[in-house]
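User: Please take a close look at one part of this structure. I would like to know what is found around a single loop residue and the strands beside it, in plain terms.

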Amino acid sequence: KIGSDFQIPRYWPQLIGMDFGWGDHPTAALKGAWNRDADRLILFEEYKRRESTDIVAIHAASIRALGGDQIPVAWPFDGKMGNKQDGTEVAQMYRDAGLYMLEDHATFEAGGFGVEPSIQRCFERMKTGRLVIMEHLTMTFDEIRIYHRKEGKVQAVRDDLISAMRYLEMMLRHAEVVTNRYDEDNEQENSYASDNDRSRTTGY
């Protein structure tokens with residue numbers, strides 16, 4: 001579902017999903033907020049950049065600008081791989097660069113982290129209106145438009161933000177409220193309730 005832009009209520013827990021870049025594979029991140037009453041995930045900020053040397057400091061600074069120093073960051077299993085210089089795990093490199101990386105890589109509640117189940121979970125949320133993508137996330141929509149299967153198998157081409165989305169959804173249970181990133185005077189504490197669990201403030 002495509003959503004109109006609005007200010008995220010400060011009491012909605014937030015999480016960032018991140019996909020690490022390798023070579024021609026860009027580093028990507030998506031920031032989401034969770035309306036727990038409706039179990040609705042709102043994606044509202046995106047980052048995607050390719051660096052020939054995949055400089056951690058550049059990506060970390062950009063993701064910190066999304067709030068990644070205070071908002072938990074979900075990351076994939078390949079973050080446990082060591083870099084070629086000193087063997088430090090990739091996730092630890094980003095942790096050292098100031099990001100609030102979750103302690104372990106993304107998994108489902110019951111364990112495991114398969115691609116197909118995570119795609120189906122995101123698709124089910126989309127079908128039921130429980131995954132809303134803000135209309136200004138043009139890079140995310142570009143990836144969704146070309147996402148496809150060939151002979152039944154998902155083609156992992158330009159799917160960096162989609163991968164970040166999968167990790168975010170998979171680890172949504174770890175989202176946290178970060179009140180100091182919003183102007184409290186502009187938000188109403190009791191703006192949730194409506195007959196269908198949507199926020200009266202946002203409609204989501």
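Analyst: What follows starts with the model itself, then turns to Asp 39, its salt bridges and the strands on either side.

This is a predicted model, in which local features need pLDDT of at least 70 and side-chain atom pairs count only at pLDDT 80 or more, while totals for chains, interfaces and linings use all residues. Residues are numbered from 1 along each chain as its sequence is written, and side-chain values use heavy atoms, with hydrogens and water left out.

The term pLDDT stands for the predictor's confidence in each residue, from 0 to 100. Its mean for the protein is 86, and 83% of the residues reach 70 or more. Over residues 182–195 pLDDT stays under 50, and for this stretch the model has 31 contacts beyond four places in sequence; a contact means heavy atoms within 4.5 Å. Where pLDDT is low, the predicted coordinates should not be read in detail.

Where does Asp 39 lie? It is in the loop between strand S3 (27–35) and strand S4 (40–49). Helices (H or I, at least four residues) and strands (E, at least two) are DSSP runs, numbered from the N terminus. The hairpin of S3 and S4 has four residues between the strands, and in it Asp 39 takes a positive phi near 50°. Asp 39 counts as partly exposed because its relative accessibility is 26%; buried means under 20% relative accessible area, exposed over 50%, and partly exposed in between (1.4 Å probe, protein chains only).

Asp 39 takes part in salt bridges, each defined as a side-chain nitrogen of Lys or Arg within 4 Å of a carboxyl oxygen of Asp or Glu. The structure holds 11 of them. In one, Arg 125 pairs with Asp 39, and the closest N and O atoms are 2.8 Å apart. This pair links distant parts of the chain, as Arg 125 sits in helix H3 (residues 115–127), 86 residues from Asp 39. Arg 125 is buried, since its relative accessibility is 6%.

Arg 130 also forms a salt bridge with Asp 39, at 2.9 Å from N to O. Arg 130 lies in the loop between H3 and strand S6 (131–134), so this pair ties together parts that are 91 residues apart in sequence. With 22% relative accessibility, Arg 130 counts as partly exposed.

Another salt bridge joins Glu 169 and Arg 121, with 2.9 Å between the closest N and O atoms. Glu 169 belongs to helix H5 (residues 160–170) and Arg 121 to helix H3, so the two tie together parts 48 residues apart in sequence. Salt bridges that share partners join Asp 39, Glu 109, Arg 121, Arg 125, Arg 130 and Glu 169 into one network. Within this network, Glu 169 is buried at a relative accessible area of 6%, whereas Arg 121 is partly exposed at 24%.

Now to the strands. Two strands pair if DSSP finds at least two bridges between them. S3 and S4 run antiparallel and are joined by nine bridges, one of which has Asn 35 with Arg 40 of S4 as its partner. S3 also pairs with strand S2 (residues 14–19), in the antiparallel sense, over six bridges; here Ala 28 of S3 is the bridge partner of Asp 19.

How many of the residues of S3 are buried? Nine of its nine residues are buried, and the strand is mostly covered. In a regular strand the side chains alternate between the two faces of the sheet. In S3, one side has Thr 27, Ala 29, Lys 31, Ala 33 and Asn 35, the other has Ala 28, Leu 30, Gly 32 and Trp 34, and all are buried. Lys 31 is found in this strand and counts as buried because its relative accessibility is 1%. The C-alpha atoms of Lys 31 and Glu 46 are 6.3 Å apart, although 15 residues separate the two along the chain.

S4 also runs parallel to S6, and three bridges join them. Leu 41 stands opposite Leu 131 in S6. Both faces of S6 are covered: Leu 131 and Ile 133 on one side and Val 132 and Met 134 on the other are all buried.
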